[in-house]
Every structure is written in C-alpha cells, then in structure tokens.
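Colleague: I'm still learning to read these models, so could you walk me through one part of this one slowly? Here it is.

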Amino acid sequence: AIVEFNTRQNALKYASYFGGKTGPDFVAQVLRHKNSVYLVGNTGSSDLPVTSNAYDKTFRGPDFRHADGFIARFDDNRLAYLTYLGTSGTDWIQNILVNDNGEMIVVGVFQEWSELPFTHKFSDEKQGNRGNVGVIRFNVKGDAILSATLLGPSWYVDAVRDREGNIYLAGTTSSKSFPVSAQAFDTSYGGGDGL
C-alpha cells in the first residue's frame with residue numbers, strides 16, 4: 001500500500017494498493033523529489049504493472065519470493081514509470097537517489113551481477129549466493145543505463161547524495177578483499193559482517 005498523510009497525521013490524503021498478484025512485494029525506500037514519489041524494492045511478482053517506458057519489462061528472478069528489483073515513480077498519484085531491474089538470481093534495490101535533472105541513481109544488491117551492463121568494476125568477487133553492490137544511473141526517461149558501477153560483495157547497503165552529486169554508501173560485507181582505499185580509516189578486515 002502507498003499512503004500519504006498530512007503533517008499532523010490526522011487526515012489521509014491518499015492511499016492506494018501497489019504490487020502484483022503473485023507477490024510478495026517489498027518497498028525498501030520511498031523518496032519524494034519535486035512532484036514525484038519514487039519507490040524501490042524487491043518483488044516476487046512476475047505481473048507488476050510495468051509501464052511502456054520501462055527499462056526492463058521482464059521479470060528475471062527465480063520462482064520464489066524476494067526475487068527481482070523494481071523501480072517505480074508516481075506523478076500526481078499516477079503511475080508514470082515502473083521497471084524491473086534484476087538478474088536470474090535474488091536481487092534487491094535498496095536506495096534511490098534523483099539528480100536535479102531527474103536522472104535516477106539506484107543502489108542495490110545483485111546476485112548474478114554479470115547479467116547486468118556494469119561499466120566500472122571495483123571488485124568481481126563472488127561469495128556463494130551473496131550478491132554484489134551495484135550503483136546504476138539511468139537517463140531521465142528511465143529507459144537506458146548511463147553508467148553502472150559494481151562495488152563488491154554485500155547484502156545490505158544504504159546511500160545518500162550530497163549537493164555536489166557525490167554518493168556515499170555504507171553497508172555490510174564479509175569480503176576480506178573488499179576494495180578499500182589506501183587512505184581508509186581501517187584497511188584490514190576484522191571479521192564479522194560490518195562494512
């Protein structure tokens with residue numbers, strides 16, 4: 001469901017169902033940018049109402065829950081854009097950032113990342129069934145990828161963007177060869193699953 005309250009939360013301004021029939025569908029982040037509301041997450045639904053301007057209209061995930069990522073945009077409470085974004089493995093879009101010009105940047109974890117058009121790779125390490133963090137920038141229409149960066153093994157990540165357009169990520173990894181930089185606070189893996 002998608003719900004909008006007033007600031008005092010005593011009046012319901014908008015409420016709608018959202019998702020497919022086969023499900024389940026999970027929203028990881030909601031972002032308001034200008035007059036649009038963006039949703040990203042993960043779905044097991046092969047029947048989401050993808051739009052004609054979608055980057056990918058095909059559900060690619062395996063036949064079980066939490067299988068494919070999705071990106072949706074609502075303009076004035078109308079579904080203006082919905083696309084799948086995933087691989088034949090289990091994928092999850094966890095964040096969306098929107099540039100001032102309307103370009104979408106999504107951050108997610110992709111299990112079979114070699115099926116996506118990554119243009120920059122900092123690590124291509126594989127860890128069993130775990131995915132790798134990907135940062136993917138779409139054009140304004142959302143029908144083409146402008147750049148895609150593969151970072152390294154993880155299963156949870158969070159992202160923010162500053163005013164200059166720099167992207168900051170934080171998350172979890174169990175990789176002993178994660179691509180840490182020379183000036184890092186800590187350059188050695190200490191065990192556990194913290195990034």
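Which residue forms a salt bridge with R137, and how far apart are the closest N and O atoms?

Modeller: Keep in mind that this is a predicted model. The partner you're after is E103, and the closest N and O atoms of the pair are 3.1 Å apart. Here's the general idea: side chains of opposite charge can pair when their charged atoms come close.

Now look at where the two residues sit. R137 belongs to strand β10, while E103 is in the loop between β7 and β8 (104-110). They're 34 residues apart, so to speak of distant parts of the chain being linked is fair. How covered up are they? R137 counts as partly exposed, because its relative accessibility is 27%. E103 has 13%, which puts it under the 20% limit for buried.

Let's zoom out to the strand that carries R137. Strand β10 covers residues 131-138 and pairs with strand β11 (residues 145-154) in the antiparallel sense, over 8 bridges. If you want a spot to find on screen, try V133, which stands opposite G152 in β11. As background, strands of a sheet pair through backbone hydrogen bonds, either parallel or antiparallel.

Both strands are part of an open sheet of 5 strands, in the order β7-β8-β10-β11-β9, and the pairing is mixed. At the edges stand β7 (91-98) and β9 (120-121); each has a single partner strand, so one side of each is left without a neighbour in the sheet. Notice that the loop holding E103 runs between β7 and β8, and those two strands are neighbours in the sheet order.

There's another charged pair to visit in this stretch. The side chains of K126 and E112 meet in a salt bridge, at 3.5 Å from N to O. K126 lies in the loop between β9 and β10 and E112 in the loop between β8 and β9, so this pair ties together parts that are 14 residues apart in sequence. K126 is partly exposed, at 46% relative accessibility. E112 is partly exposed as well, with a relative accessible area of 26%.

For one more example, go back along the chain to R60. R60 forms a salt bridge with D56, with the closest N and O atoms 2.9 Å apart. R60 is partly exposed, at 40% relative accessible area, whereas D56 is buried, at 9%. The structure holds 5 salt bridges, and these are among them.

How does your part fit into the rest? The protein chain has 13 strands and 0 helices. Another open sheet is made of 4 strands in the order β3-β4-β5-β6, and its pairing is antiparallel. Its edge strands are β3 (25-33) and β6 (78-85), each pairing on one side only. On average, neighbouring strands of that sheet are turned by 20 degrees against each other, ignoring direction. Inside it, strand β5 (residues 68-75) pairs with β6 over 7 bridges, and A72 has L82 in β6 as its bridge partner.

Finally, take in the chain as a whole. Its C-alpha trace spans about 50 × 40 × 30 Å along the principal axes. A compact globule of 195 residues would have a radius of gyration near 16 Å, and the chain has 17 Å, which agrees. Of those residues, 45% count as buried, and E103, where you started, counts as buried too.

Note on methods:
Residues numbered from 1 in each chain as written. Predicted model: local features only at pLDDT ≥ 70, side-chain atom pairs only at ≥ 80, totals over all residues. Heavy atoms only, no water. Pairing = 2+ DSSP bridges. Axes fitted to C-alpha atoms, helices over the stretch in contact; angles between N-to-C directions. Rg over C-alpha atoms; globule rule 2.2 N^0.38 Å. Buried < 20%, exposed > 50% of the residue type's maximum accessible area, 1.4 Å probe, protein only. Salt bridge = Lys/Arg side-chain N within 4 Å of Asp/Glu carboxyl O.
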